[in-house]
Amino acid sequence: MNLREKIEEKLKDIATSIEYPRPDLIVIAVNRDRIMEAAQRIVELGFDHLASVEGVDLPKENAIEVIYHAESYEEELRNTIVELKTRVARDDPKLQSLINVWPNALYLERETWDMLGVVFEGHPELKRLLLPPWWDDIPPLRKDYKVKVEGIIVGTK
Amino acid sequence: MEQSSLTFRYKELERAWDGEKVYEVFIGPQHPASGHMRFIVRLDGDIIVNVEPDIGYVHRTMEKLAETKEYIKSIPLFERATIIDSNNITLGYVRALEKLLGIEVPPRARYLRTLLSEINRIASHLYGLGLAGIFINHSTMFMWGFGDREIWLQLAEELTGARLTHTYSIPGGVRSDLPQDFKDRALKAIRYMERRLKDYMKIFFNNPVTVARYKDIGILKKEDAKRLGIVGPNLRASGVRYDARLVEDYGAYREIDFEVPVREEGDALSRLLLRIDEIKISMDIIRQVLEKIPDGPILAEKYLRLIPPKLRKTMEETGRVKFPGLFASLRPPPGEATARVEMGHGEVFYHIISDGSPKPYRVRIVTPSFRNLLLLRYLPVGHRFMDFPAIYGSVDYFPPEADR
Amino acid sequence: MVCPLMGIVLVGNLEESARKASRWFLEKPPIRNLRDWAISFSLWPVHFTTSCCGAEFAAASCPRFDAERFGFLPFLSPRQTNLLLIEGTLTRKMAEAAKIVYQQMPEPKFVILMGVCALDGGIFHNSYNIVRPHELFPVDVFIPGCPPRPEAVARSIIMLQRKVRNSKYIWGDGHEPKGED
Ligand code: SF4
């Protein structure tokens, strides 16, 4: 049984969609309240640590997409990255923290809180990480935080 | 679900607070060795109970700025994160971009990328070893490491025109061709370095003082290394055979045979020795690249066609690429791509989300130092305070890279 | 009491008068020239790395470029140094530390800004987390470049030495860090 089949079998009852946009990438979307369960099942498959946690601000859909990228050091699994994503509301971004599933989410989640304001429930230290401790503006990676745009744009064709 | 080792350590700290015997030592941000980060070290007597890294002193907001720039302009931007290893860190971005655009890189360009990546890796390891030396007050290692690094910087300068900020890999190829006589000089540098590595062993790694400071200090077990997602030499020193060069198809690594060095002990000494092993492997790769490098164009056919014929002729004569105008506003189709590249410090991870406009919708970088940050918190616990510099030096942590 | 030395009148507290006299003495030509010459060859920068230009700064003080031959030795404690070299981008969090380090340094003290980031933002000019160091400190020498080559660092040291030897600096004047946050 290859990896794709295994993942489909394991996750088909909780995932809202499973896609394969590139040969080395498996994208699994779940609902917000099933994230813990989905993460545990991915760990059972062998993807035992995270490469990244990121948030993407989608103001048009009034949502923030939180994306976890899991990878593995095992020989059979290491060519693949599993992307687990879910959406939280933009005005009340709350998500269960996954640091008990993936211990190295500690700093990655804290950074996502810092940069996008996603509150991870159960995370022991949601403090400023990269931004200065007296930061009181909106989180900078949200799309409505504007910085000056530089530049000359050259047209094509 | 098992409790992570980190959660466990919180409890330990609370217990220690109860007895009121803990005191705090603040290190940094202006501190003796590399600077730009701060530690809050909590001690019980001379034993470290807890370390809290306080980073963000070099946070220059690259992810936000990348959203305001055209794709091609972000290459020099990300280069500044790890200026001592700049080809490797930009290569990840370029790879992700190439996946989005669906470009194939010509073989000669792939070999040239490999060449510069390995030169960078050696320079980066020498930088790390030099700093590890000064952390335990071994000035000779510092001076030697930094002095020998110059040789590799000079090679890189001959190839690209800049000491540190090469901006060498561009989508579809590289920016300039191999200069004349490069091969001889590279081989000379390799011969010199091989000699020097023997001296390093004599004066630093076999030195009883150094061994006493590093041996059996800060042991990272194999299981922990896997679960904490540690990358790079720190991971391989704990016995895990993983390297992004084996995983991701980039450069010419599929056509070159090389061993990924692994050590089993997982202590500070083996982390440092592993860097020496990697320098040897890198030099071997450089030899093979110079031997096997094929002839041909250094930019993908798709872009080469866009350059006016007159410019194309000068390009062939000088070996330097003139950017086609299209590069100013590359428009990848909507979608996402990830790329992993092995840097000197470990694996860098890129995730680009494109919405079809000339600027990326979101770029996510996770740099090796940011992932290895957990080590600085996890390893020193239980050791004496003076072991802390030794552990910090052996992890090869580079703050601008972690903060981005 | 009227002092036999021409030009100053010393009255009151003995200790204070002695300090005044020594200051006056130091400002007079032969002594002053000697003092400036000595300062110019003992410019010790505090080891305060702020960003990626630090890599080139390190290269400058290492074997190949060897800035130590100008009497330039990076040192650990701000109390024993007289030169603050801002190596690249100064973020908001680091600026606080930089101000504290600067205040701890004894007089006379000098500031060199290294890299375009420190000059005016450089590639990060539109970032939300950086400050312009020249708004905080009185600057003696600017080094442009991204990163400046080690030779440029060496040249900046020579320029600063010349400035010191020509007595172009003022002791204890305008050397308070400016600005909030
Ligand atoms: S000037 Fe360039 S090298 Fe120096 S800190 Fe700024 S970006 Fe880095």
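Start with B:Glu150, which is buried, at just 2% relative accessibility. Keep in mind as you look around that this is a predicted model. B:Glu150 has a partner: B:Arg163 pairs with it in a salt bridge, and the closest N and O atoms sit 2.9 Å apart. B:Glu150 belongs to helix α6 of chain B, while B:Arg163 is in the loop between α6 (139-160) and β4 (169-170), so the salt bridge ties together parts that are 13 residues apart in sequence. B:Arg163 is buried too, with a relative accessible area of 6%. Under 20% is what earns a residue that label, so both B:Glu150 and B:Arg163 get it.

Why would such residues pair up at all? Side chains of opposite charge can do so when their charged atoms come close.

Now move along chain B to another pair. B:Lys183 and B:Glu291 form a salt bridge, with 4.0 Å between the closest N and O atoms. This one links distant parts of the chain: B:Lys183 is in helix α7 (residues 182-205), B:Glu291 is in helix α12 (residues 268-292), and their positions lie 108 residues apart in the numbering. Are these two buried or exposed? B:Lys183 is partly exposed, at 36% relative accessibility, whereas B:Glu291 comes out at 61% and counts as exposed.

Stay with helix α12 of chain B for a moment, since B:Asp277 is found there as well. The side chain of B:Asp277 meets that of B:Arg263 in a salt bridge, 3.0 Å from N to O. B:Arg263 is in the loop between α11 (244-247) and α12, 14 residues away from B:Asp277 in the chain. Here B:Asp277 is buried, at 18% relative accessibility, and B:Arg263 is partly exposed, with a relative accessible area of 23%.

Salt bridges in chain B don't just come as pairs like these. Have a look at B:Glu118, B:Arg121, B:Arg236, B:Asp243, B:Arg245, B:Glu278 and B:Glu342: they are linked in a network of salt bridges. Over all chains, the structure holds 63 salt bridges.

Next, let's go to the place where chain B touches chain C. How many residues take part? Chain B brings 38 residues to the contact and chain C brings 34. Together the two chains bury about 3,100 Å², and 61% of that is on carbon and sulfur atoms. There are 4 salt bridges between chain B and chain C. One pair you can pick out is C:Arg149 with B:Glu157, which form a salt bridge whose closest N and O atoms are 3.0 Å apart. The interface also has 11 residue pairs in polar contact, with both residues at pLDDT 80 or more.

Which helices of chain B supply at least two residues each to the side that touches chain C? They are α2 (62-67), α3 (74-79) and α6. The largest share, 8 residues, comes from α6(B), the helix that also holds B:Glu150. Sort the residues on this side of chain B by character and you get 17 nonpolar, 12 polar and 9 charged.

Finally, follow chain C itself. Chain C is divided into domain 1, covering 2-36, and domain 2, covering 43-166. Taken over C-alpha atoms, the centres of those two domains are separated by 33 Å.

Notes
Residues are numbered from 1 along each chain as its sequence is written. Chains are lettered from A and ligands numbered from 1 in the order in which they are written. This is a predicted model: local features need pLDDT of at least 70, side-chain atom pairs count only at pLDDT 80 or more; totals for chains, interfaces and linings use all residues. Side-chain values use heavy atoms; hydrogens and water are left out. Domain bounds come from an automatic or database domain assignment. Helices (H or I, at least four residues) and strands (E, at least two) are DSSP runs, numbered from the N terminus. Buried means under 20% relative accessible area, exposed over 50%, partly exposed in between (1.4 Å probe, protein chains only). Contact means heavy atoms within 4.5 Å. Buried area is the accessible area (1.4 Å probe) that two parts lose on being put together, summed over both. A polar contact is a pair of N or O atoms within 3.5 Å; within protein, one must be able to donate a hydrogen and the other to accept it, and residues adjacent in sequence count only if both atoms are side-chain atoms. Ala, Val, Leu, Ile, Met, Phe, Trp, Tyr, Cys and Pro count as nonpolar, Asp, Glu, Lys and Arg as charged, and the others, Gly among them, as polar.
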